[in-house]
Amino acid sequence: MAVEFSSGRAIVETSAPEQFSTFLLELSVRFVNLAPSQIDSEIEDGLRRVCRFLGVHRSSLWQGSSEAPERWRLTHVYQDPDNAGVVVKPDGEIVPHDGWTGVPPEVPPRRMVTEAQDYFPWVSGQLRNHRIVVLNSLGDLPREAAIDRNSFIQFGGRSVLVYPLAAGDRVFGIVSFAMLGKERTWHHDIVVNLRLIAQCFGHALVRKMDDLALREGRERLNLAATAAGIALWTIELGSQRVWANEAGRERLQLPPGELTLTRFLALVHPDDRARVEDAYRSSGGGEEVEVEYRLMRPDGGVRWVVSRGRQPLDGAGGPKRLMGVTLDITERKETERRLEESLGEIHRLKRRLEAEVVLLRDRVAACPVSGEILGTSDAIRYVHFRISQVGPLDATVLIQGETGTGKSLAAAAIHAQSQRKDHPLITVCCAALPENLIENELFGRDRGAFTGADQARMGRFEIADGATIFLDEIGDLPLELQAKLLRVVQTGELERLGSSKTIKVDVRIIAATNWNLGEAVRQGRFRADLFYRLNVFPITLPPLRARKGDIPLLVQALVAKCTSRFRKPITSVSKAMLCALQAYDWPGNVRELENVVERAVILSTGPTLHLAEPLSDCTQPIEPASPPETALGATLTELEAGHIRRTLHAVGWRIEGKGGAARALGLNPSTLRARMRKLGIRRGTGSTRRDPTDFE
């Protein structure tokens, strides 16, 4: 904005323009590239030199603030003690001022504050409009400036020049030149040249204020960054030198000395280095980039950080540096990791709990007669002794015995005495599962492992992690799965169906079978290495026929259960029934005894229990475990035909699949059918040849 002159009279005084121009040039040069810290002292010296050169009594510089622009604070002042009571004539002659009386005014104290609107309202209005106030005498003031006149008299000024100092449209200060106790005519050249000096002072002060604001802004930024744990940094694109504030260096544990981009990348974790380099290269578009990565600590640990930055454009429109901040997020990452682990553990426990609920429901539904093995015979006492020996340990147990002898009860008793008793006993009947689902049931599956597997599922071994798994009828496990089971027994490791991820489990294994596994190993139907792994601590349960003295105790427990179930008022068992029960060989063992007692309770009509039917009518004889001795003189063909017929009869004439005769004989189903046609074996008919080994 142009600066106007405001004066009530014409300016008639002249001075030497050449000398003033030289003086002005010399004074202006001193402010070129002047450090902000030297500006105040240079302004003080400039005011002094102007007063000395022009014979001005006092020069002062006042500054306002953006908050209170009408409150002027005296920041720079000079008052010439030698010229305070003299007059300088136009020809340069200095003579005493006859109008001066008394002692010259004292120099106003620095930091003095004046309310401009109260003391100089008219002058303030002129300065706000960027007008220079030129007063050759106080009589130049208009009538409405009476307050200003009294204030000038109070401060000792008689002839005054006042220049506004502006930054853009805002007037932030003034520079005044005053004659004390006398008047002076300000020549036009002096007014113009002093205006240049005032502008020089103003520009210097603006530069100082900008520098101060910049330093204050940096200080506030540093304080905020330190409080928030943020590192401030700059990367020069040309030299690739890296600057970081001290708080950031300490926070990120950066090495001392000069830091370059190459040296910084060496501190980045090798797995994250390429990602950081890609983010640096992609920052050239002016958009903000962000990258998370790890910094290697001097102690070998890692620190997670996130960096955000952008390339500001310079005056020519091109980037020169990448500037940004880095925040330490190690604690956040650690919290996220712990939370993820906790959520994973919660999901795992949830799935395990859901699976355990299903298994426990099935277990309750199939609960045996009693929670313990009943009996007082020596054979049963020895079983209890063996269970007490191995129960508290984590050893693998192999329970052997005929069907119905209570192998599941023995497994439950072993688990109840173990350190894993607070977890459920997970039971798997290997004979009850279809062959194509056994692997899925035991080891679990991943989503998409086969058609219909729309979600992942835990296997029984994963569910039993930390607990005990009971593999009933282990002899019926297919050969191809025995190798996978062997690995779990040996190492505790498994893979789900359709997955290559190894899962570690801690499971105690109890296996049971009514097979003679030693014979199955010799026949090639059971892996020898798996047998030796399972046969760590064998327990053999005696058949009921070997402990007939326990039958009365078993009958008493079974009768109590059945009478409660069927609400029958039975109070005793007939002696005839007990004698008949003890005289029978019980090929079906306790399970057959339970069926006989339950049938008798159902058919009973009085308080005394009697045997309802002959025992021979209640059971079917069981095929012998081994073939009978062959008749002497039988041919090899007759022996083969008899063996095939007995096998077919034992499996209900089923040829293929699990439990079929082909698998039992170790033959291909088509081969077996060809042999049957050759030997004339058909269901419902006898062989065309006499079979000396067929004793049916």
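## A first look at this structure

S307 is a residue of strand 14, which covers residues 302-310. This is a good place to start a tour of the model, which is a predicted one. S307 is buried, its relative accessible area being 8%, because any value under 20% counts as buried. Its side chain makes a polar contact of 2.7 Å with the side chain of T326. Setting aside residues up to four places away in sequence, S307 touches W233, V289, E290, V291, Y293, V325 and T326.

### The sheet around strand 14

Strand 14 belongs to an open sheet of six strands, in the order 12-11-10-15-14-13, with antiparallel pairing. Strand 12 (259-260) and strand 13 (289-296) stand at the edges with a single partner strand each, so one side of each has no neighbour in the sheet. Helix 9 (residues 270-281) packs on this sheet and touches strand 10, strand 13 and strand 15 (321-328). The direction of helix 9 makes about 150° with that of strand 13.

Within the sheet, strand 10 (residues 230-236) pairs with strand 11 (residues 241-244) in the antiparallel sense, over three bridges. Here I235 of strand 10 stands opposite V242 in strand 11. As a general point, strands of a sheet pair through backbone hydrogen bonds, either parallel or antiparallel.

Strand 15 also holds L327, which is partly exposed at a relative accessible area of 29%.

### Residues brought together

Which residue lies 76 places along the chain from L327, with a C-alpha separation of 9.2 Å? That residue is R251. Another such pair involves F172, a residue of strand 9 (residues 170-180). F172 counts as buried, at 3% relative accessibility. Leaving out neighbours within four places in sequence, the contacts of F172 include W62, Q63, G64, L165, G202 and M209. The table sets out the two pairs.

| Pair | Apart in sequence | C-alpha to C-alpha |
|---|---|---|
| L327 and R251 | 76 residues | 9.2 Å |
| F172 and Q63 | 109 residues | 5.9 Å |

### A parallel pair

Elsewhere, strand 16 (residues 397-400) and strand 22 run parallel, joined by four bridges. The bridge partner of I399 in strand 22 is I539. Where do the side chains of strand 22 (residues 537-540) point? F537 and I539 point to one face and are buried, while P538 and T540 point to the other and are not. This fits a general pattern: in a regular strand the side chains alternate between the two faces of the sheet.

### Helix 22

Helix 22 (residues 636-650) has 15 residues and reaches 21 Å from its first C-alpha to its last, close to the 21 Å expected at 1.5 Å a residue. Its buried residues are E638, A641, G642, I644, R645, R646, T647 and L648. What covers them includes helix 23 (661-665) and helix 24 (669-679). After helix 22 comes G652, with a positive phi near 70°.

### The whole chain

Stepping back, the protein chain has 24 helices and 24 strands. Buried residues make up 42% of its 696 residues. Of the contacts between residues at least 6 apart in sequence, 66% join residues at least 24 apart. The chain exposes about 37300 Å², and carbon and sulfur atoms supply 53% of that area.

Conventions:
Residues are numbered from 1 along each chain as its sequence is written. This is a predicted model: local features need pLDDT of at least 70, side-chain atom pairs count only at pLDDT 80 or more; totals for chains, interfaces and linings use all residues. Side-chain values use heavy atoms; hydrogens and water are left out. Two strands pair if DSSP finds at least two bridges between them. Helices (H or I, at least four residues) and strands (E, at least two) are DSSP runs, numbered from the N terminus. Contact means heavy atoms within 4.5 Å. Axes are lines fitted to C-alpha atoms, for helices over the stretch in contact, and angles run from 0 to 180 degrees between N-to-C directions. Buried means under 20% relative accessible area, exposed over 50%, partly exposed in between (1.4 Å probe, protein chains only). A polar contact is a pair of N or O atoms within 3.5 Å; within protein, one must be able to donate a hydrogen and the other to accept it, and residues adjacent in sequence count only if both atoms are side-chain atoms. Accessible areas come from the Shrake-Rupley method with a 1.4 Å probe; for residues, only the protein chains shown count as cover. The expected span of a helix is 1.5 Å times one less than its number of residues.
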